[in-house]
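Please open the model in your viewer and keep the sequence panel beside it, so that each selection can be followed from one stop to the next.

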Amino acid sequence: VSMQVLEQVLRELQPLCTAEQHFIENFFQLNQDAADLQVLELAMGPCPSPFHCLLFSCFLRLEERTAWLLSEIFSCLEPELRGFLDVCNKVHPFGSLQVLVTLNDSIFETWGFSSAFPSSFLNTVLGNMLLLAKSSFNKCIGTLCKEIEEVKMPSKMKGGILPSVSHFEEFVDFSEEMFRTARRRGELDKAYLRLASSVFSSINSLSSANLKGNKDMVMMENFHHIHCFLCQKKIDCLESKKGEAKQRYSEHMEKYVIKYLGQPLEKLNHFFEGVKARVAQGVKEEEVSFQLAYSKQELRKVIEKYPGKEVKRALETLYKKIHKYLSPEENLLPVVWHAMEQEFLRQYREFEDLIQRCYAGSGIAMDFSMEDLLSYFNSITLS
């Protein structure tokens, strides 16, 4: 409602000021045109007398006199407009944005489609109001950025979309609706970049936050959420942020997968990490089995701990855990589970390769095959 009032005020100001200006110019004979001024310049010649200079300055100040008279007549206009803009800013959290759009559109219509602006006085008043609106809008964005960066994480939060991300989306949704027909959006684009940087900073701060859930999982979900949101909105100035969100989402999914994947085969992972470390230190592959901690007997002991049934049960437990903590709204479970399957198969191939190279001819093999693993993952996915 306040914006409708502001629009009406701005629409009525132009004809009012124009009519008053015409009256002043006619009544006080202040409507000297450019031709009179050119005649006076020719009459003055290259070396004008003091009298001619005084007369010329009088002509130049005609417009200033008109503006001065208008400012006296409408002396309360600028203070009243300032007061009204303050009210608009207080009525709605993003009131400064609404004011900025309304003023921008009004000034664009006046300056863009009218060959002669109604008066330098109104020009100055609206210009001052626009500067005030931009200042208020920048303060609003600064406050919002600070709130986003300093927002406290819920103490019992285990996963889901962060409040800072939700605040950012609310602002973008509101702003895009406000600017749907706006002719200028330079200030908004700058605000978007500031806010997006604050949101990314807020998500990054999770690395030091005291969360009950897995940090990489929460960061993965939130960067994925932002990426999907920006894909939907298609905002040009945020294309780089969209790409960054996708990259960060992929990075944290990889960390999440690798961290949790080691659990079903933890002792096997630990054993073969040691094997790779010995090889990296210069131990020949065929001599690794002569190391006491990595002998054939020790490898058999570790493999015995992972019969096929136990591996399948461990994967089922892992799937349930991931399903419990991932947000259903993001629908990332199929993506994460597929990534885990690919990484699990990669590790299995790596284990087999190390056994072939470092324990050749020993007849040692894991209790489950590649086909068994594919069967485990398939049955869990379909269950």
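Begin by selecting Thr 102, which counts as buried because its relative accessibility is 7%, under the 20% that marks the limit for that class. The model is a predicted one, and in it Thr 102 has its place in helix α6, residues 95-113. Show the side chain of Thr 102 and the backbone of Gln 98 together: a polar atom of that side chain lies 2.8 Å from the backbone oxygen of Gln 98.

Now zoom out to the whole protein chain. Its secondary structure comes to 16 helices and zero strands, and 42% of its 383 residues count as buried. If you display contacts between residues at least 6 apart in sequence, 76% of them join residues at least 24 apart. Switching to a surface view, the chain exposes about 21,400 Å², of which carbon and sulfur atoms supply 53%.

Next comes the interior. Which residues have the most contacts inside the largest nonpolar core? They are Phe 171, Val 336 and Met 340, in a core of 102 residues. The largest share of this core, 13 residues, is contributed by helix α7, residues 120-150. In soluble globular proteins, nonpolar side chains tend to be buried together.

Select Phe 171 and the residues around it. Leaving aside residues up to four places away in sequence, Phe 171 touches Phe 94, Leu 97, Phe 137, Ile 141, Leu 144, Leu 188, Tyr 192 and Leu 195. If you keep only the rings, Phe 171 also belongs to a cluster that ring pairs form with Phe 94, Phe 174 and Tyr 192.

From Tyr 192, extend the selection to helix α9, residues 186-204, in which Tyr 192 is one of the buried residues. Others that are buried in α9 include Glu 187, Leu 188, Ala 191, Leu 195, Ser 198, Val 199 and Ile 203. An α-helix has 3.6 residues a turn, so residues three or four places apart point the same way. To check the length of α9, place a distance between its end C-alpha atoms: they are 28 Å apart, which agrees with the 27 Å that its 19 residues should span at 1.5 Å a residue.

The same check can be made on helix α12, residues 266-280, where 15 residues should span 21 Å at 1.5 Å a residue and the end C-alpha atoms are 21 Å apart, so that expectation and model agree. Colour Leu 268, Asn 269, Phe 271, Phe 272, Gly 274 and Val 275, which are buried in α12, and then show α13 (296-304) and α15 (333-358), against which the buried residues of α12 pack. Just after α12, select Gly 282, which takes a positive phi of about 115°.

Staying with rings, the count of aromatic pairs comes to 13. The rings of Phe 271 and Phe 272 have their centres 5.5 Å apart and their planes at 85°, and the pair is therefore edge-to-face. Phe 271 is buried, as is Phe 272. For the rings of Tyr 348 and Phe 368, the centres are 5.6 Å apart and the planes stand at 40°, so this pair is tilted. Because Tyr 348 lies in helix α15 and Phe 368 in the loop between α15 and α16, the pair ties together parts that are 20 residues apart in sequence.

Remain on Phe 368, whose relative accessibility of 2% is the reason why it counts as buried. Not counting residues up to four places away in sequence, Phe 368 touches Leu 265, Tyr 306, Gly 308, Val 311, Tyr 348, Leu 373 and Tyr 376. A further distance to display is that between the C-alpha atoms of Phe 368 and Lys 309, which are 59 residues apart along the chain and separated by 8.8 Å.

Finish with two loop residues. Lys 234, in the loop between α10 (215-233) and α11 (239-261), has a positive phi of about 55° although it is not a glycine. Is Lys 234 buried or exposed? With a relative accessible area of 66%, Lys 234 is exposed. Asn 331, in the loop between α14 (308-325) and α15, likewise has a positive phi of about 55° without being a glycine, and Asn 331 is exposed at a relative accessible area of 54%.

Notes: Residues are numbered from 1 along each chain as its sequence is written. This is a predicted model: local features need pLDDT of at least 70, side-chain atom pairs count only at pLDDT 80 or more; totals for chains, interfaces and linings use all residues. Side-chain values use heavy atoms; hydrogens and water are left out. Helices (H or I, at least four residues) and strands (E, at least two) are DSSP runs, numbered from the N terminus. The expected span of a helix is 1.5 Å times one less than its number of residues. Buried means under 20% relative accessible area, exposed over 50%, partly exposed in between (1.4 Å probe, protein chains only). Contact means heavy atoms within 4.5 Å. A polar contact is a pair of N or O atoms within 3.5 Å; within protein, one must be able to donate a hydrogen and the other to accept it, and residues adjacent in sequence count only if both atoms are side-chain atoms. Accessible areas come from the Shrake-Rupley method with a 1.4 Å probe; for residues, only the protein chains shown count as cover. A nonpolar core is a set of buried Ala, Val, Leu, Ile, Met, Phe, Trp, Tyr and Cys residues joined through side-chain atoms within 4.5 Å. Rings of Phe, Tyr and Trp (its six-membered ring) pair if their centres lie within 6.5 Å; planes under 30 degrees apart count as stacked, over 60 as edge-to-face and the rest as tilted.
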